[in-house]
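Here's a structure worth walking through slowly. Have a look at the sequence and the fold, and then let's go over a few spots together.

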Amino acid sequence: MKKFIILYNGPATPMEDIPPEKREDIMDAWKVWMDRIEDGLVDAGQPMVDGRAVVDDGSQGTALQLNGYSIIQADDMNGAIDLVKDHPFLADKTGKFSVQVYELAPMPMQ
């Protein structure tokens, strides 16, 4: 099985700004997704906050709207894409949110 990192991209709302009943619905949706993909989930990951970009000229730029990650496993990219279908991060249906999927390549031995 190959490993894939999925990066959650979109405008984040701090959890403390989400009403408790909606927060519970969101967490329930994540549990449903994690239960659905079962052994495909390697690491549920965690949220990311306060991103910064360091540019190759030494300056700082605007970070992307990445606000979390998970690591999954599948036979190939198509299998990984199947695992993120109906992902709760994509529930908004506004086009503002995406799940970026990258295969994790093995590090070459030195």
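## Charged pairs, a helix face and a strand

Let's start with Arg52, which forms a salt bridge with Asp50, the closest N and O atoms being 3.1 Å apart. Keep in mind as you look that this is a predicted model. Both partners sit out in the open: Arg52 is exposed, with a relative accessible area of 57%, and Asp50 is exposed too, at 58%. The cut-off for calling a residue exposed is over 50% relative accessible area, so Arg52 with its 57% makes the grade, and so does Asp50 with its 58%.

How many salt bridges are there by this rule? The count comes to three. Why should such pairs turn up at all? Side chains of opposite charge can pair when their charged atoms come close.

Another of these pairs is in helix H1, which covers residues 20-37. Here Lys31 forms a salt bridge with Asp35, and the closest N and O atoms are 2.9 Å apart. The two residues both lie in H1, four residues apart, which is about one turn of the helix. Lys31 is partly exposed, with a relative accessible area of 48%; Asp35 is partly exposed as well, at 46%.

Then there's the salt bridge where the side chains of Lys85 and Asp82 meet, at 3.1 Å from N to O. Lys85 is partly exposed, its relative accessible area being 47%, and Asp82 is partly exposed with 41%.

That brings us to helix H2, residues 77-84. At its start, a side-chain oxygen of Asp76 reaches to within 3.2 Å of the backbone nitrogen of Asn78. At the other end, H2 is followed by Asp86, whose phi is positive, near 60 degrees.

Which residues of H2 are buried? They are Ala80, Leu83 and Val84. Look down the axis of H2 and you'll see these buried residues fall within an arc of 95 degrees, so they line one face of the helix. As for what they pack against, the list is strand E1 (2-9), helix H1 (20-37), strand E5 (66-74) and strand E6 (98-103).

Strand E6 deserves a stop of its own, since Gln100 lies in it. Gln100 is partly exposed, with a relative accessible area of 28%. What is Gln100 in contact with, once you leave aside its neighbours within four places in sequence? The answer is Ile5, Ile6, Leu7 and Asn9. Take Leu7: its C-alpha atom and that of Gln100 are separated by 5.0 Å, although the two residues are 93 apart along the chain. The side chain of Gln100 also makes a polar contact, at 2.6 Å, with the side chain of Ser98.

Last, turn to the surface for something nonpolar. Met48, Leu64 and Leu66 form a nonpolar patch there, and together they have about 270 Å² of accessible area. Where does Leu64 lie? You'll find Leu64 in the loop between strand E4 (60-61) and E5. Is Leu64 buried or exposed? Leu64 is exposed, with a relative accessible area of 67%.

Methods:
Residues numbered from 1 in each chain as written. Predicted model: local features only at pLDDT ≥ 70, side-chain atom pairs only at ≥ 80, totals over all residues. Heavy atoms only, no water. Buried < 20%, exposed > 50% of the residue type's maximum accessible area, 1.4 Å probe, protein only. Arc of directions from axis to C-beta. Contact = heavy atoms within 4.5 Å. Polar contact = N/O pair within 3.5 Å; in protein donor to acceptor, adjacent residues only side chain to side chain. Patch = residues over 30% accessible without salt bridge, like charges linked within 9 Å, V, L, I, M, F, W, Y side chains within 5 Å. Areas by Shrake-Rupley, 256 points an atom, 1.4 Å probe, with all protein chains shown as cover. Salt bridge = Lys/Arg side-chain N within 4 Å of Asp/Glu carboxyl O.
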